[in-house]
Amino acid sequence: MALMRGLLGAKKILGTATSKWATSAAPKGFLAVYVGESQKKRYLVPVSYLSQPSFQALLRKSEEEFGFDHPMGGLTIPCPEDTFINVTSQLQ
């Protein structure tokens, strides 16, 4: 039950591509990232996550796979969506 609340809270904070910012710039204080292995989904994450060690681990994985050439035109994190949600739900 606690895990489910955490996941729902993460989705609320993160915001997904269904929002009005699906193709535009991220609002102030947020960073747009694309997550997924085959199908990429856009998420908006608070910039405060950048200082968190677990989020930095995701960024290192992204750097190892893509360097600075991201196929989506924005920061792409190559991990399963559920892994991303699990990591970010623990940052709240």
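What share of the 92 residues of the chain counts as buried? I looked this up before anything else, and 34% of the residues do. The model is predicted, so I went to the confidence values next.

**Entry 1: confidence**

I read an average pLDDT of 73 for the chain, with 64% of the residues scoring at least 70. I then asked where confidence is lowest and where it is highest. The low end is helix α1, residues 2-14, with a mean of 44. The high end is β2, at 90. Residues 1-13 have a pLDDT below 50, and I note 16 contacts in the model for this stretch beyond near neighbours in sequence. Residues 15-22 are also below 50, and that stretch has 13 such contacts. Where pLDDT is low, the predicted coordinates should not be read in detail. I therefore leave the contacts of both stretches as counts and take them no further.

**Entry 2: order of elements**

I listed three helices and three strands. Going along the sequence, I wrote down the pattern α-β-β-α-β-α. I also checked how far apart in sequence the contacting residues are. Of the contacts with a separation of 6 or more, 55% are between residues 24 or more positions apart.

**Entry 3: the sheet**

In what order do the three strands of the open sheet stand? I found β2-β1-β3, with mixed pairing. The edges are β2 (41-46) and β3 (75-77); each has a single partner strand, so one side of each lacks a neighbour in the sheet. From one strand to the next the twist averages 40°.

I took the two pairings in turn. β1 and β2 run antiparallel and are joined by six bridges. One bridge I looked up has Phe-30 with Pro-46 of β2 as its partner. These two strands form a hairpin with five residues between them. Gly-36 sits in the turn, and I noted its positive phi of about 140°. On the other side, β1 (residues 30-35) pairs with β3 in the parallel sense, over three bridges. There I picked out Val-33, whose bridge partner in β3 is Leu-75.

Is β2, as an edge strand, largely enclosed or largely open? I found five of its six residues buried, so β2 is largely enclosed by the rest of the structure. I also looked for what lies across the sheet. Helix α3 (residues 81-89) lies across β1, β2 and β3, and runs at about 10° to β2.

**Entry 4: the core**

Which residues have the most contacts inside the largest nonpolar core? The core has 13 residues, and I noted Val-33, Val-35, Phe-55, Leu-58, Ile-77 and Phe-84 as those with the most contacts. Two or more residues come from each of β1, β2, α2 (53-66) and α3. The largest share is that of α3, with three residues.

I followed Val-33 first. Val-33 lies in β1 and is buried, with a relative accessible area of 0%. Outside its neighbours within four places in sequence, I found Val-33 in contact with Lys-41, Arg-42, Tyr-43, Val-45, Leu-75, Ile-77 and Phe-84. Tyr-43 is 10 residues away along the chain, and I read 5.3 Å between the C-alpha atoms of Val-33 and Tyr-43.

I then went to Ile-77. With neighbours within four places again set aside, its contacts include Val-33, Val-35, Phe-55, Leu-58 and Phe-84. The list for Ile-77 also holds Tyr-34, Gly-36 and Ser-62.

**Entry 5: two residues of α2**

Ser-62 was in the list for Ile-77, and I looked it up next. Ser-62 is in helix α2. Is Ser-62 buried or exposed? At a relative accessible area of 1%, Ser-62 is buried. I searched for what its side chain reaches, and found the backbone oxygen of Thr-76 at 2.5 Å.

Pro-53 is also placed in helix α2. Here I found 58% relative accessibility; the cut-off for exposed is over 50%, so Pro-53 counts as exposed. Last, I checked Pro-53 against Leu-91. The two are 38 residues apart along the chain, and their C-alpha atoms are separated by 9.7 Å.

Definitions and conventions: Residues numbered from 1 in each chain as written. Predicted model: local features only at pLDDT ≥ 70, side-chain atom pairs only at ≥ 80, totals over all residues. Heavy atoms only, no water. Pairing = 2+ DSSP bridges. Helix = DSSP H or I, 4+ residues; strand = E, 2+ residues; numbered from the N terminus. Axes fitted to C-alpha atoms, helices over the stretch in contact; angles between N-to-C directions. Contact = heavy atoms within 4.5 Å. Core = buried A, V, L, I, M, F, W, Y, C linked by side-chain atoms within 4.5 Å. Buried < 20%, exposed > 50% of the residue type's maximum accessible area, 1.4 Å probe, protein only. pLDDT = per-residue confidence, 0-100. Polar contact = N/O pair within 3.5 Å; in protein donor to acceptor, adjacent residues only side chain to side chain.
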